[in-house]
Amino acid sequence: MGKNTIRYLSGTGVIQAAAIDSTFFTSWSMIDSDGSRFLLGDQNGILYVLVLLKNANNVVVNVAIDLLGSTSISQCLSYLDEGVAFVGSVYGDSQLIELKKEADADGSHID
């Protein structure tokens, strides 16, 4: 991962990339057991979801990253199940959050 780009490098050397705002990720957690979605927490307490888009042959063909909302600045992230994740923080209160499919009025996908 870079400060302005997030990249996926396959075992065959194929690179997929997505542009991001300048940030530094402090934590991550795998959501799906197949490794297709990840939670990423940055230095400002912003939570993102990274999605590896795959074709029918299970080959990554694109990378997408979406902003979910704000949390405490995470030192660790643990995706539990059913849209629930733990945000462990040394800078603020740790949180148990629920990820929502639809954004609220503020654009956040986090309860």
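Biologist: By class, how many nonpolar, polar and charged residues are in the lining of the largest pocket?
Modeller: This is a predicted model with residues numbered from 1 along each chain, in which local features need pLDDT of at least 70, side-chain atom pairs count only at pLDDT 80 or more, and totals for chains, interfaces and linings use all residues. Side-chain values use heavy atoms and leave out hydrogens and water. A pocket is an open set of points on a 1 Å grid, with protein on both sides within 12 Å along at least five of seven lines, and lining residues have an atom within 4 Å of a point. Counting Gly among the polar residues, the lining of the largest pocket has six nonpolar, two polar and four charged residues.

Biologist: Which elements give two or more residues to that lining?
Modeller: The residues lining the largest pocket include V49, V51, D66 and L68, as well as I31, R37, Y79, G83, L99, K100, K101 and H109. With strands taken as DSSP E runs of at least two residues, numbered from the N terminus, the elements giving two or more residues are β5 and β6.

Biologist: How much space lies in the largest pocket?
Modeller: Volume here is the space filled by probe spheres set on the grid points. For the largest pocket that comes to about 290 Å³.

Biologist: How much space lies in the largest cavity?
Modeller: A cavity is a set of grid points where a 1.4 Å probe fits but cannot get out. A search of the whole structure finds one cavity of 30 Å³ or more. Its lining includes G41, D42, I46, L47, S74 and L77, with β4 and β5 each giving two or more residues. The space in the largest cavity is about 30 Å³.

Biologist: Which residue makes a polar contact with the side chain of S27?
Modeller: S27 belongs to strand β3, residues 25-30, and counts as buried (under 20% relative accessible area, 1.4 Å probe, protein chains only) because its value is 7%. Leaving out residues up to four places away in sequence, S27 touches (heavy atoms within 4.5 Å) L39, L40, G41, Q75, C76 and L77, among others. A polar contact (N or O atoms within 3.5 Å, one able to donate a hydrogen and the other to accept it) of 2.5 Å joins its side chain to that of S74.

Biologist: Which element gives the most to the largest nonpolar core?
Modeller: A nonpolar core is a set of buried nonpolar residues, Pro not included, joined through side-chain atoms within 4.5 Å. The largest has 13 residues, and I6, F25, L40, Y48, L50, V63 and I65 have the most contacts inside it. Two or more residues come from each of β4 (37-42), β5 (46-54) and β6 (60-70). With four residues, the one that gives the most is β5.

Biologist: How far apart are the C-alpha atoms of Y48 and S108?
Modeller: Y48 lies in strand β5 and is buried at 13% relative accessibility. Its contacts include F25, F38, I65 and L67, and a polar contact of 3.3 Å joins its side chain to that of D42. S108 is 60 residues away along the chain, and the C-alpha separation is 11 Å.

Biologist: What is the relative accessible area of E82, and is E82 buried or exposed?
Modeller: Most residues other than glycine have a negative phi. E82 has a positive phi near 55° and lies in the loop between β7 (76-81) and β8 (84-88). N58, in the loop between β5 and β6, also has a positive phi, about 65°. Exposed means over 50%, so E82 is exposed, at 71%.
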